[in-house]
Amino acid sequence: MADIKKILCAVDFSDYSPMVADYANMMAKCSGAKIVVLYVAPSLSQYVGFHVPPSSIESFVGEIVTGAEDTMNAFVKENFKDLGVEGKVVTGYPAEEILTICEEEGCDMVVMGTHGRKGIDRILFGSVAEKVVKSSGVPVLTVRPH
């Protein structure tokens, strides 16, 4: 079996993020791995051309990140009681950031949720999980909501 020393647990703070955390916890306990919990705040840089001053967008993104860091601290405390866990908040496109942080941190596995979108929603919004699965150099465990 593969040696798993570090797991990237990507969350979106939705109602079923604790379920994703449970799977990351289980994998870490079985392998003795450390966990990096990641939340990717949306990058609003694509809206700069829509008559919104860049300083307003940067300020808004800063507020989102500050709120997400507070949420991350609470999420880690509540869902990862016994383990040495690091929480990270970054901005950007979720699939790209998950893959980048995974590589930078030297993670051996990714655990993440999937919203299970179908039809037109999937065409319009794409699938972060699908992009990560197709591009990741490490195993990816996807967790579907009930």
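## A walk from Phe-80 through the fold

Let us start at Phe-80, a buried residue with a relative accessible area of 4%; buried here means under 20% relative accessible area, exposed means over 50%, and partly exposed lies in between, with a 1.4 Å probe and protein chains only. This is a predicted model, in which local features need pLDDT of at least 70, side-chain atom pairs count only at pLDDT 80 or more, and totals for chains, interfaces and linings use all residues. Residues are numbered from 1 along each chain as its sequence is written, and side-chain values use heavy atoms, with hydrogens and water left out.

Phe-80 has aromatic company. Rings of Phe, Tyr and Trp (its six-membered ring) are paired if their centres lie within 6.5 Å, and the pair is called stacked when the planes are under 30 degrees apart, edge-to-face when they are over 60, and tilted for the rest. That rule gives three aromatic pairs. One of them joins Phe-13 and Phe-75, whose ring centres are 5.8 Å apart with planes at 65°, so this pair is edge-to-face. It brings together distant parts of the chain, since Phe-13 sits in the loop between β1 and α1 while Phe-75 belongs to helix α2, 62 residues apart. Phe-75 also forms an edge-to-face pair with Phe-80, at 6.3 Å centre to centre and 65° between the planes. Phe-75 is buried, with a relative accessible area of 9%, whereas Phe-13 is partly exposed at 22%. Together with Tyr-39, these residues Phe-13, Phe-75 and Phe-80 make up one aromatic cluster.

Now step back to the whole chain. The protein chain has five helices and five strands; helices (H or I, at least four residues) and strands (E, at least two) are DSSP runs, numbered from the N terminus. Read from the N terminus, the elements follow the order β-α-β-α-β-α-β-α-α-β. Of the chain's 146 residues, 38% count as buried. A contact means heavy atoms within 4.5 Å. Among contacts between residues at least 6 apart in sequence, 76% join residues at least 24 apart. The surface that the chain exposes comes to about 8700 Å², with carbon and sulfur atoms supplying 54% of it; these areas come from the Shrake-Rupley method with a 1.4 Å probe, and for residues only the protein chains shown count as cover.

Next, the interior. A nonpolar core is a set of buried Ala, Val, Leu, Ile, Met, Phe, Trp, Tyr and Cys residues joined through side-chain atoms within 4.5 Å. The largest one holds 26 residues, and Ile-7, Cys-9, Val-20, Ile-35, Val-37, Phe-80 and Val-111 touch the most other members. Two or more residues each come from β1 (6–10), α1, β2 (34–42), α2 (54–79) and β4 (109–113). Helix α1 gives the largest share, six residues. A second, separate core has 15 residues, including Ala-10, Val-36, Ala-95 and Val-132. Looking closely at Ile-7, and not counting residues up to four places away in sequence, you will find that its contacts include Ala-24, Met-27 and Ala-28, along with Ile-35, Met-109 and Val-111.

Helix α1 deserves a visit of its own. It has 15 residues and reaches 21 Å from its first C-alpha to its last, close to the 21 Å expected at 1.5 Å a residue; the expected span is 1.5 Å times one less than the number of residues. Its buried residues are Ser-17, Met-19, Val-20, Ala-21, Ala-24, Asn-25, Met-27 and Ala-28. An α-helix has 3.6 residues a turn, so residues three or four places apart point the same way. Ser-17 lies in this helix, which covers residues 17–31, and is buried with a relative accessible area of 2%. Leaving aside neighbours within four places in sequence, Ser-17 is in contact with Val-11, Asp-12 and Phe-75. Just after the helix, Gly-32 takes a positive phi of about 75°.

Two cysteines show opposite settings: Cys-9 is buried, with a relative accessible area of 0%, and Cys-30 is exposed, at 68%. The structure holds zero disulfides, a disulfide being a pair of cysteine sulfur atoms within 2.5 Å.

Our last stop is Lys-5, in the segment before β1. Lys-5 is exposed, with a relative accessible area of 55%. Lys-5 and Asp-108 are 103 residues apart in sequence, yet 6.4 Å apart in space, C-alpha to C-alpha. Apart from residues up to four places away in sequence, Lys-5 touches Ala-33, Lys-34 and Asp-108.
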